[in-house]
Amino acid sequence: MLEALNGMVSNIAASLRLQDAIDIAIVAFLLYRLILLIRDTRAILLVQGIFVIIIIYLLSSIFQLRAINWLINRLIPAGVLAIPIIFQEDLRRGLEVLGRGIASAGIAGRNTAIQKESSQEELVRAVDHFALHRIGALIVLERQTGLQDIIDTGILLQSMISYQLLINIFIPNTPLHDGALVIRDEHLEAAACILPLSSNSEISQDLGTRHRAAIGLTEKSDALVIVVSEETGTISLAQDGKLTRYLDGAMLSTMLQDHFELKGRRSIWWSWLNGEQKDD
């Protein structure tokens, strides 16, 4: 038995070509990336369900359970058609990650929301002011995914980033107070923008519309969204459908520097290869 196994391994090793090794490495890498992409999404439940069905199918074939085998054979074609419909959001996000990688392969990403230290300081200073005075704010920082459809829902500004203008935009009971401010390419691009609300049922019930809108946009894009609670003055940062809460100005400044100074200088493929994006 052992000799037969050794012989089989030897035959496989002898017939293995360089192309086969490259082929296996590519498939293994793609599977690894797929696992990273779906590990925190509903799609992981789909994968688990598929494994269960495969095991049941194999057992029904081994033990000749014809009724179960017949039923699974009839369900598979329907499942293939239903999967893209049920998980269209997860599939769309995965394709967007691939598209962003292709669009910027080998080069640094497009000029994103804030690269200058002075702009970051003005922004963080304003956010601190909002938190101190409990002024609600919703600020979107565009990255690789274009947000023109979101910008079109608001009032166009195209102004330089300044502390004074940021404060004026979010003063309560003013025309631009409600909605989100979008920052693109070192400019306050548009205010009073409408963001899509998240439908995630696992979001905490104590989070209001601003937080749900921030999470909703980051589920559909790679944008960063700063939220200041009107009720508590709490600063939060939404990214990849997740919310980091209870930040202060220093913590927010560090996180923005990580995303727009360090990551902005690298290829998005570098981040993709190292699993830094969850769609990315």
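This is a short tour of the strands around β4 and of the salt bridges in the structure above.

The model is predicted: local features need pLDDT of at least 70 and side-chain atom pairs count only at pLDDT 80 or more, while totals for chains, interfaces and linings use all residues. Residues are numbered from 1 along each chain as its sequence is written, and side-chain values use heavy atoms, with hydrogens and water left out.

**Whole chain.** Show the whole protein, which has 11 helices and 7 strands; these are DSSP runs numbered from the N terminus, with helices being H or I of at least four residues and strands E of at least two. Of its 280 residues, 39% are buried. Buried means under 20% relative accessible area, exposed over 50%, and partly exposed in between (1.4 Å probe, protein chains only). The protein exposes about 16,100 Å², 64% of it supplied by carbon and sulfur atoms; the areas come from the Shrake-Rupley method with a 1.4 Å probe, and for residues only the protein chains shown count as cover.

**Strand β4.** Select residues 187–193. Here 6 of the 7 residues are buried, so strand β4 is largely enclosed by the rest of the structure.

Add residues 155–160, strand β2, which pairs with β4 in the antiparallel sense over 4 bridges. Pairing requires that DSSP finds at least two bridges between the strands. S159 is opposite L188 in β4.

Next add residues 180–184, strand β3, which runs antiparallel to β4 and is joined to it by 4 bridges. In this pair V182 faces A190 of β4 across the strands. The two strands form a hairpin with 2 residues between them, and D185 in the turn has a positive phi of about 50°.

**Salt bridges.** A salt bridge is a side-chain nitrogen of Lys or Arg within 4 Å of a carboxyl oxygen of Asp or Glu, and the count is 3.

Stay on β3 and select R184 with E142: their side chains form a salt bridge at 2.9 Å, N to O. R184 is in strand β3 and E142 in the loop between β1 (137–141) and α7 (148–151), so the pair ties together parts 42 residues apart in sequence. R184 is buried at 14% relative accessibility, and E142 is buried at 1%.

Move to D206 and R245, whose side chains meet at 3.8 Å, N to O. D206 lies in the loop between β4 and α9 (209–220) and R245 in strand β7 (residues 242–247), 39 residues apart. D206 is exposed at 53%; R245 is partly exposed at 26%.

Finish with R210 and E230, a salt bridge of 3.4 Å, N to O.
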